[in-house]
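User: I am a first-year student, and I would like a close look at a single part of this model. Please explain in one connected answer how its helices are packed together.

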Amino acid sequence: MSHAQPATPPFTVMLFKDTFPGSGGPAVLLIPMLDAANAGNEEAVLAWLSHGGHIDARAVDGGTLLVVAAVSGETSLVQLLLRHGADPNVMDTEDTKGNSALSMAAVSLKSEDEARDIVQALLAAGASVNLQTDFRAAKHQKREEVAKLLEKGFLLQHGVPVCDH
């Protein structure tokens, strides 16, 4: 007697350790989903999540869907991931020596408009600003709008009232 397997999208030919009860260990995110995030493929990401994919799963190099989407300038996908519970303070490595999605988006995108929009989304979701790295890097890159957002975000996170002029 054979048992029918449930239909799954073709990109789920991947192993995700923590999508199965009792498997232990962190989730593993492989190349097809990183490619989807890089391309802003919301449909693929939503399908993957609906089939049990972990929102903050990491690739072998430490990258996550949020980091890849942020660095790729995929504002809509960044917002979608944050709405689905992605950690806005995720780093591109498993330790604290990596770069946050916020710091990478602030300086690595070619368009200041994309950087501004992604930084705004990450700050609204609770991303922590590091003045030593994020703000200084944005200033060094002459990203004035982004630097102002980061400064304001830092002040608000530390309970300092900010007036918009």
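Analyst: The following account begins with the whole chain, turns to the packing of the helices, and ends with some individual residues.

The model is a predicted one. Its chain contains eight helices and zero strands, and the order of elements from the N terminus is α-α-α-α-α-α-α-α. Of the 165 residues in the chain, 42% are buried. Among contacts with a separation of 6 or more, 64% join residues that lie 24 or more positions apart.

Helix α4 is a suitable place to begin. This helix covers residues 75–83, and helix α2 covers residues 42–50. The two pack at an angle of about 15°, and their axes are 10 Å apart. That angle makes α2 roughly parallel to α4, because angles under 35 degrees count as roughly parallel. The crossing of these two helices, α2 and α4, is right-handed. On the α2 side, the residues of the contact are E42, V45 and L46; on the α4 side, they are S76, L77, L80 and L81. Sorted by class, this contact of α2 with α4 consists of five nonpolar residues, one polar and one charged.

Helix α4 also packs with α6, at an angle of about 5° and with the axes 9 Å apart. That makes α4 roughly parallel to α6. Here α4 contributes T75, V78, Q79 and L82, while α6 contributes E114, D117, I118, A121 and L122. The contact of α4 with α6 has five nonpolar, two polar and two charged residues.

One member of this contact, T75, may be examined by itself. T75 lies in helix α4. With a relative accessible area of 17%, T75 is buried, because buried means under 20% relative accessible area. If neighbours within four places in sequence are set aside, the contacts of T75 are E114, D117 and I118.

From α6 the path leads on to α8. These two helices, α6 and α8, pack at an angle of about 10°, and their axes are 9 Å apart. Helices α6 and α8 are therefore roughly parallel to each other. From α6, the residues E112, A115, R116, V119, Q120 and L123 take part. From α8, they meet E144, E145, V146, L149, L150, G153 and Q157. By class, the contact of α6 with α8 comprises six nonpolar, three polar and four charged residues.

The nonpolar core connects several of these helices. In soluble globular proteins, nonpolar side chains tend to be buried together. The largest nonpolar core of this model has 43 residues, and V45, L66, V78, L81 and L122 have the most contacts inside it. The elements that supply two or more residues to this core are α1, α2, α3, α4, α5, α6 and α8. Consider L122 more closely: apart from its neighbours within four places in sequence, L122 is in contact with L66, V78, L82, P88, A101, L102 and A127.

Three residues outside the helices complete the picture. The first topic is N41, which is found in the loop between α1 and α2. At 34% relative accessibility, N41 counts as partly exposed. Setting aside neighbours within four places in sequence, N41 is in contact with A36 and L77. N41 and E74 are 33 residues apart along the chain, and their C-alpha atoms are separated by 9.1 Å.

The next topic is K142, in the loop between α7 and α8. Most residues other than glycine have a negative phi. K142 is not a glycine, yet it has a positive phi of about 60°. K142 counts as exposed, at 66% relative accessibility, because exposed means over 50% relative accessible area.

The last topic is V162, which is found in the segment after α8. V162 is partly exposed, with a relative accessible area of 28%. Leaving out neighbours within four places in sequence, V162 is in contact with K152, L155 and L156. V162 and E151 are 11 residues apart in sequence, and the C-alpha to C-alpha separation between them is 10.0 Å.

How values were computed. Residues are numbered from 1 along each chain as its sequence is written. This is a predicted model: local features need pLDDT of at least 70, side-chain atom pairs count only at pLDDT 80 or more; totals for chains, interfaces and linings use all residues. Side-chain values use heavy atoms; hydrogens and water are left out. Axes are lines fitted to C-alpha atoms, for helices over the stretch in contact, and angles run from 0 to 180 degrees between N-to-C directions. Helices (H or I, at least four residues) and strands (E, at least two) are DSSP runs, numbered from the N terminus. Angles under 35 degrees count as roughly parallel, over 145 as roughly antiparallel, 65 to 115 as roughly perpendicular and the rest as oblique. A crossing is left-handed if the near helix is turned anticlockwise from the far one by less than a right angle, and right-handed if clockwise. Contact means heavy atoms within 4.5 Å. Ala, Val, Leu, Ile, Met, Phe, Trp, Tyr, Cys and Pro count as nonpolar, Asp, Glu, Lys and Arg as charged, and the others, Gly among them, as polar. A nonpolar core is a set of buried Ala, Val, Leu, Ile, Met, Phe, Trp, Tyr and Cys residues joined through side-chain atoms within 4.5 Å. Buried means under 20% relative accessible area, exposed over 50%, partly exposed in between (1.4 Å probe, protein chains only).
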